Amino acid sequence: MTSDGGTAEGAAPDGGGSTDGGGTTDGGGTTDGERRRLELEKKRERYVWLYLGYFLFGIHIVAFVMIYAVRHAK
């Protein structure tokens, strides 16, 4: 333990059981770090789908404007 009550780097947490690379297990076999990484990955994947949707929507708007401009040109 360090002087502020935390664990020193590389030291095993108190009563944490077995871990696979630091942190405590949540009962399902994944560590806190892995769980956080999976949550972040899910969040980023959601943003990718949102950006893809906005991009495709924007392309269609541009295409409709171009079609309108070509059909109504003199």
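The paragraphs below follow the side-chain pairs found along helix α1 of this predicted model.

Side chains of opposite charge can pair when their charged atoms come close. The structure holds 2 such salt bridges. In one of them, the side chain of Asp 32 meets that of Arg 35, with a distance of 2.7 Å from N to O. Both residues belong to helix α1, which covers residues 32-71, and because they are 3 residues apart there, about one helical turn separates them. Arg 35 has a relative accessibility of 32%, and therefore counts as partly exposed.

The other salt bridge joins the side chains of Glu 41 and Arg 37, where the distance from N to O is 3.3 Å. Here the partners are 4 residues apart, again in helix α1, which amounts to about one turn of the helix. Glu 41 is partly exposed, with a relative accessibility of 43%, and Arg 37 is likewise partly exposed, at 46%.

Helix α1 also carries a pairing of another kind, between Tyr 47 and Tyr 51. The structure holds 1 aromatic pair. The ring centres of Tyr 47 and Tyr 51 lie 6.4 Å apart and their planes stand at 25 degrees, so the pair is stacked, since planes under 30 degrees apart count as stacked. Along helix α1 these two tyrosines are 4 residues apart, and so about one helical turn lies between them. As for their surroundings, Tyr 47 counts as partly exposed because its relative accessibility is 40%, whereas Tyr 51, with a relative accessible area of 57%, is exposed.

Methods: Residues are numbered from 1 along each chain as its sequence is written. This is a predicted model: local features need pLDDT of at least 70, side-chain atom pairs count only at pLDDT 80 or more; totals for chains, interfaces and linings use all residues. Side-chain values use heavy atoms; hydrogens and water are left out. A salt bridge is a side-chain nitrogen of Lys or Arg within 4 Å of a carboxyl oxygen of Asp or Glu. Buried means under 20% relative accessible area, exposed over 50%, partly exposed in between (1.4 Å probe, protein chains only). Rings of Phe, Tyr and Trp (its six-membered ring) pair if their centres lie within 6.5 Å; planes under 30 degrees apart count as stacked, over 60 as edge-to-face and the rest as tilted.
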